[in-house]
Amino acid sequence: MSSSHFRPVFSLVVALAIAAVGRSAEPDAGKLEFFEKKIRPLLVGHCNACHSADTKPAGGLRVDDRNGLLTGGNAGAAVVPGKPADSLLLKRVAKEAKRRMPTEGEHLSDEQIADLTTWIKDGAVWPAVKLPASFGKQKEKYEELRKDHWAWQPLQEPKAPAVKDAAWAKDDVDRFLLAKLEAQKLAPVADADKVTLIRRVTFDLTGLPPTPADVDAFVKDDSKDAFAKVVDRLLASPQFGERWGRHWLDVARYGESTGPSRNIPYPHAWKYRDYVIDSVNADVPYDRFIREQVAGDLLPSTNDEEANRQKIATGFLALGVKDVNQRFKVRFVMDNVDEQIDAVTRSVLGLTVSCARCHDHKFDPVPQADVNGLVAATDKVHFDPPERDVVHGPVGELAEVEVRVEVANHPGQDVAVERGRAPPAGRCTRPQRPAGLFASRRRAGVRRRGGTGPPSAAARRSPPSG
Ligand code: HEC
Ligand code: HEC
């Protein structure tokens with residue numbers, strides 16, 4: 001990969017600028033007509049069978065969009081706009097070519113080769129992707145939906161209701177409960193005895209029963225803060241993080257393999273699991289916890305341990321179902337982007353935002369444009385340099401951007417992308433990579449670091465057996 005890597009904010013600006021230019025400065029009509037009449041049919045008729053998104057592109061080359069031609073296949077750019085002599089495509093269709101394209105079917109006529117040459121000389125124009133007129137516009141009913149849907153309501157601090165039996169309620173939670181009971185003319189049951197109480201709270205906080213010694217100590221403890229002491233002990237125990245971390249691991253679709261078809265293991269997934277448990281035990285604030293998982297590799301850090309911990313956190317993005325049998329590169333990449341957006345939005349927004357991957361959300365006020373914005377914001381996005389302004393994304397209207405994701409952990413490598421499939425298990429699980437499984441982004445800074453610091457506390461811990 002020789003293309004430069006912009007910083008994301010800058011690249012977003014660049015992309016928007018390209019988008020704007022792309023829309024206003026459509027290539028001239030005559031050239032477009034030439035493309036549609038002569039070039040597109042030629043490519044579709046003679047080349048697409050082996051070089052398109054719907055095939056496993058031969059030689060890594062796609063000819064069904066401009067970016068595919070400019071990026072080229074294994075041998076590099078196939079078309080250099082304005083420079084027929086430098087364009088590999090012309091060399092490969094020429095009579096004297098060693099393995100003349102197409103390898104099957106009729107070869108191109110002199111006239112067709114001349115047309116290709118003219119087209120490249122004239123800048124290899126290709127029509128911009130058309131967005132529907134409704135794209136990006138707010139739907140009217142969305143305003144109504146926003147008023148109804150709980151997820152859009154601002155936070156409120158409700159006042160505790162007044163209750164008749166004021167002496168029974170010890171705090172506001174009690175007052176809410178009691179108010180409902182009183183409304184139904186029900187009286188609260190008696191308080192639990194101490195044995196029942198410690199059993200309940202121990203299960204609640206650790207998922208385990210109390211030991212007989214714990215029960216004895218509590219029953220015998222007549223001090224006023226006896227219960228608070230039990231709760232503090234349980235909160236401080238490692239089992240607290242294991243018990244409550246599990247809930248987050250469910251939300252985070254934690255699993256130790258790719259599923260669903262060919263099931264390649266993520267043998268380092270436990271590092272992310274331990275990150276979650278450790279974070280609960282360390283009482284990491286929720287906003288920080290989420291930020292680390294969504295963007296840990298981009299957060300500043302003061303030492304390698306912190307940097308690694310934050311990288312491991314992005315295992316949240318890297319986990320998840322990956323269809324490693326998917327042969328089509330673009331589909332594979334975009335399905336993974338979609339899966340990540342789905343995981344992030346479901347878990348923290350309580351919304352199935354990814355329904356709007358293909359159309360404005362039918363029930364929730366989520367326009368398709370927002371999903372595309374999120375695709376960009378995942379920062380898995382790599383905006384190509386300005387001259388490559390045509391789309392690679394078949395998903396919705398992902399105009400003007402070429403999206404690439406590196407799955408699992410190979411900073412600096414594009415294995416998943418170039419091959420259109422996940423790397424073999426051995427590759428994504430190199431033991432010398434401390435973080436093991438994390439999201440890596442095509443950013444110079446991240447690449448340079450490449451995950452070579454010493455392992456964090458969580459990473460040093462050996463994987464549990466069984
Ligand atoms: C029947 C399948 C088939 C068809 C049709 C076909 N190709 Fe290819 N093409 C291949 C294969 C296989 C390779 C990879 C091996 C090679 O480079 O010879 C390839 C490689 C190429 C490469 C080199 C890519 C690189 O970076 O290594 C170019 C350029 C190319 N084809 C252009 C074309 C063009 C233009 C057409 C249509 C006029 C076309 N091909 C039609 C099978 C095909
Ligand atoms: C992979 C693309 C894709 C995804 C993802 C998708 N849909 Fe659709 N959906 C379509 C297409 C295509 C249509 C038919 C055209 C249209 O109505 O826009 C459609 C139609 C619908 C319709 C019926 C049309 C109407 O206007 O009543 C509903 C309802 C719907 N989708 C809901 C959903 C929900 C809910 C989700 C998320 C769980 C979802 N869709 C995710 C592609 C998709």
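This report describes the fold, the nonpolar cores, one helix, the ligand shells and some backbone features of a predicted model.

Residues are numbered from 1 along each chain as its sequence is written, while chains are lettered from A and ligands numbered from 1 in the order in which they are written. Because the model is predicted, local features need pLDDT of at least 70 and side-chain atom pairs count only at pLDDT 80 or more, whereas totals for chains, interfaces and linings use all residues.

**Overall fold and cores**

The protein chain has 21 helices and 0 strands; helices (H or I, at least four residues) and strands (E, at least two) are DSSP runs numbered from the N terminus. Of its 466 residues, 35% count as buried. A residue is buried if 20 or more other C-beta atoms lie within 10 Å of its own, exposed if 12 or fewer, and partly exposed in between, with C-beta atoms placed from the backbone. Among contacts with a separation of 6 or more, 60% join residues 24 or more positions apart; a contact requires C-beta atoms, placed from the backbone, within 7 Å.

The largest nonpolar core holds 34 residues, and Tyr272, Phe316, Leu319 and Ile341 have the most contacts inside it. At least two residues of this core come from each of H10 (226-236), H12, H14 (304-313), H15 (315-318), H16 (329-349) and H17 (368-377). Domain 3 (194-236) and domain 4 (243-460) each supply at least three residues of this core, the bounds coming from an automatic or database domain assignment. A second, separate core of 20 residues includes Val63, Leu69, Val93 and Trp119. Here a nonpolar core is a set of buried Ala, Val, Leu, Ile, Met, Phe, Trp, Tyr and Cys residues joined through C-beta atoms within 7 Å.

**Helix H12**

Helix H12 covers residues 269-281, and its 13 residues should span 18 Å at 1.5 Å a residue; the end C-alpha atoms are 19 Å apart, which agrees. The expected span is 1.5 Å times one less than the number of residues. In H12, 11 of the 13 residues are buried, among them Trp270, Tyr272, Tyr275 and Ile277. Asp283, just after H12, takes a positive phi of about 60 degrees.

**Ligand shells**

Ligand 1 has 26 residues around it, of which Cys47, Cys50, Ala58, Gly59 and Gly73 come nearest. H4 gives the most to this shell, with 4 residues. Ligand 2 is surrounded by Thr352, Cys355, Arg357, Cys358, His359 and Lys362. A residue is near a molecule if its C-beta atom, placed from the backbone, lies within 6 Å of it. In the table, Ala, Val, Leu, Ile, Met, Phe, Trp, Tyr, Cys and Pro count as nonpolar, Asp, Glu, Lys and Arg as charged, and the others, Gly among them, as polar.

| Shell | Nonpolar | Polar | Charged |
|---|---|---|---|
| Ligand 1 | 14 residues | 9 residues | 3 residues |
| Ligand 2 | 2 residues | 2 residues | 2 residues |

**Loops and backbone**

Ala97 lies in the loop between H4 (88-93) and H5 (110-121). Ala97 counts as exposed because it has 12 C-beta neighbours inside 10 Å. Beyond its neighbours within four places in sequence, Ala97 is in contact with Lys91 and Arg92. Pro102 is also found in the loop between H4 and H5, and a cis peptide bond joins Met101 to Pro102, with omega about -10 degrees.

Ala124, in the loop between H5 and H6 (140-148), is not a glycine but has a positive phi of about 50 degrees. Ala124 has 24 C-beta neighbours inside 10 Å and therefore counts as buried. Lys185, in the loop between H7 (172-183) and H8 (194-206), has a positive phi of about 55 degrees. With 6 C-beta neighbours inside 10 Å, Lys185 counts as exposed.

Definitions and conventions
Two residues are in contact if their C-beta atoms, placed from the backbone, lie within 7 Å.
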